[in-house]
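Here is a friendly briefing to read alongside the model on your screen. Please have the viewer ready, and we will go through it topic by topic.

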Amino acid sequence: MSLLDKLDAVAAARKALLPEDLDIFGTPIEEVYSTTEASVGGRRILFFGTNNYLGLTFSPECLEAAHKAIDREGTGTTGSRMANGSYSGHRALEQEFSEFYNCQSSIVFTTGYQANLAMISGLAGANDVILIDGDSHASIYDGCKLSGAEIIRFRHNDMVDMEKRLKRLGERASSTLIIIEGIYSMLGDRAPLADIVKIKNYYGSILLLDEAHSIGVLGKTGQGLVEETGLINEVDFITGTFSKSLGSIGGYCVSNHMQLDQLRYVSRPYIFTASPSPSTIASTRAALKLLRDGTELRNKLWKNAHKLYSSLDKQGYKLGPEPGPIIATILDSPKQAIILWKALFDQGIYVNLILPPAAPDGKSLVRCSVSAAHTEDQIDYVVNVFATLRKNIF
Ligand code: PMP
């Protein structure tokens, strides 16, 4: 098959599965009215699939910081930090991340995707082993590929399977990099961190935890699963993103290993890409302060999450294992998922459609993401629409 034929096959597969009149995976958003509302096809829609967990994208503090930074430093850095230097904002944000996690060292990356790529490929190489959860995000899989290391998967959150695989490695277990997520992006469940830490300590492995979906969401000050469990000192490297609770774009890694700093010299996804723009860094710095003091926002987020999860559960939808800001309904087939997605969209509710192979174990998901910015009325509306659809289409 030629290179272009392969893309024609992708187009044919999409056409066979998806309704012709709807570009589900490229929905054009015409206008954004607020954190939770926008216009699509001339109609007002509710955002219920973005990861704007604390609703900070329109916070006055973040907007003001971004505006000032653009005026002062321009729209972009137009180069990598290695070649063109680090702006004061890059360095300040790294310092603020170190303080936030009370860690020795921190690096800021241009996206969360690149944070994982950079960390994994910088830490592990051709002779190393990486042990990952089967439900890991694509950035973790891609980072593993880029590293050239041997990749071993364990069944999602299955500690018996994880230990079995580590034990089989014998002496190599002590130089194995284990990678997990705080809250998993597909089903919204947490990693059993205490059990993982026990096992990794026994075998002397290194642990990297991606808090992309848990920063701002879990823990008293929003550090993530490490704070909720009190296990921050047991995790070697924490990565995460600015594109969810922090409302911008970028990624980070924090660690108490001083060697983290050396990754700047060996990690291609850090070296060979432009650094985050000044406005992005400035709004992220403002957002990090709000996140840290965001107890009220977290309470509101969890109130919304519990309400939506328990309502859909009562209505008989098959859901991910536990309540949280990611609420995935699990459908029996891609066709059913498309029907549900389209029916929600027709009622002005815009959520995520996730079909195999993007979803784990061949699952088809219609995934909602809840925000602290959602009002009670908006949550009630979504609950009622789901209830009606349950009766009418399933
Ligand atoms: N890790 C996880 C678990 C994610 O879900 C995502 C994004 N969905 C990323 C990393 C990448 O983050 P970003 O959007 O900042 O590239």
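Glu181 is a good place to start: this residue is buried yet has no salt bridge, and the nearest side chain of opposite charge, that of Arg367, is 8.5 Å away. Keep in mind that this is a predicted model. The points below begin with Glu181 and go on to strands, a helix, a loop residue and salt bridges.

**Glu181, a buried acid**

- Glu181 belongs to strand 7, which spans residues 176-181.
- What does the side chain of Glu181 reach at 2.7 Å? The partner is the backbone nitrogen of His137.
- Setting aside neighbours within four places in sequence, Glu181 is in contact with Asp135, Ser136, His137, Ile140, Ala191, Leu209 and Asp210.
- Asp210, one of those contacts, also has a bridge partner in strand 9, namely Thr239.

**Strands 8, 9, 10 and 4**

- Strand 8 (residues 206-210) and strand 9 run parallel and are joined by three bridges.
- Strand 9 (residues 237-241) is mostly covered, with five of its five residues buried.
- On one side of strand 9 the buried residues are Phe237, Thr239 and Thr241, and on the other they are Ile238 and Gly240.
- Strand 9 is also joined to strand 10 by five bridges, and here the two run antiparallel. Within this pairing, Thr241 stands opposite Gly251 of strand 10.
- Strand 10 (residues 251-255) pairs with strand 4 as well, in the antiparallel sense and over five bridges. Here Ile107 is found opposite Cys253.
- How many of the five residues of strand 4 are buried? Five of the five are, so to speak from 105 to 109.
- Why look at both sides of a strand? In a regular strand the side chains alternate between the two faces of the sheet.
- For strand 4, both faces are covered: Ser105, Ile107 and Phe109 are buried on one side, Ser106 and Val108 on the other.

**Helix 7, one face in and one face out**

- Helix 7 covers residues 159-168, and its buried residues are Met159, Asp161, Met162 and Leu166.
- Viewed down the axis of helix 7, these buried residues fall within an arc of 160°, so they line one face of the helix.
- Which parts do the buried residues of helix 7 pack against? They pack against strand 5 (129-133), strand 6 (150-154), strand 7 and helix 8 (193-203).
- The face turned away from the buried side carries the exposed residues Val160, Lys167 and Arg168.
- At the start of helix 7, a side-chain oxygen of Asp158 comes to within 3.1 Å of the backbone nitrogen of Val160.
- Just after helix 7, Gly170 adopts a positive phi of about 60°.

**Glu322, an acid in a loop**

- Glu322 sits in the loop between helix 13 (295-315) and strand 11 (326-331).
- Is Glu322 buried or partly exposed? Glu322 is partly exposed, its relative accessible area being 22%.
- A polar atom of the Glu322 side chain lies 2.8 Å from the backbone nitrogen of Arg190.
- Not counting residues up to four places away in sequence, Glu322 touches Gly188, Asp189, Arg190 and Tyr309.
- From C-alpha to C-alpha, Glu322 and His306 are 9.5 Å apart in space, with their positions 16 residues apart in sequence.

**Salt bridges**

- The count for the model comes to 17 salt bridges.
- Glu37 and Arg44 form a salt bridge at 3.4 Å, N to O. Glu37 is partly exposed, at 23% relative accessibility.
- Arg264 and Asp261 meet in a salt bridge at 2.8 Å, N to O. Arg264 is buried with a relative accessible area of 12%, whereas Asp261 is partly exposed at 30%.
- Asp380 and Lys307 form a salt bridge in which the closest N and O atoms are 2.5 Å apart. Asp380 lies in helix 15 (residues 376-393) and Lys307 in helix 13, so the pair ties together parts that are 73 residues apart in sequence.
- Both partners are partly exposed: Asp380 has a relative accessible area of 27%, and Lys307 is at 32%.
- Through salt bridges that share partners, Arg81, Glu94, Asp261 and Arg264 are joined into one network.

Notes:
Residues are numbered from 1 along each chain as its sequence is written. This is a predicted model: local features need pLDDT of at least 70, side-chain atom pairs count only at pLDDT 80 or more; totals for chains, interfaces and linings use all residues. Side-chain values use heavy atoms; hydrogens and water are left out. Buried means under 20% relative accessible area, exposed over 50%, partly exposed in between (1.4 Å probe, protein chains only). Helices (H or I, at least four residues) and strands (E, at least two) are DSSP runs, numbered from the N terminus. Two strands pair if DSSP finds at least two bridges between them. Lys and Arg count as positive and Asp and Glu as negative; His and the chain ends are not counted. A salt bridge is a side-chain nitrogen of Lys or Arg within 4 Å of a carboxyl oxygen of Asp or Glu. A polar contact is a pair of N or O atoms within 3.5 Å; within protein, one must be able to donate a hydrogen and the other to accept it, and residues adjacent in sequence count only if both atoms are side-chain atoms. Contact means heavy atoms within 4.5 Å. The arc is that of the directions from the helix axis to the C-beta atoms.
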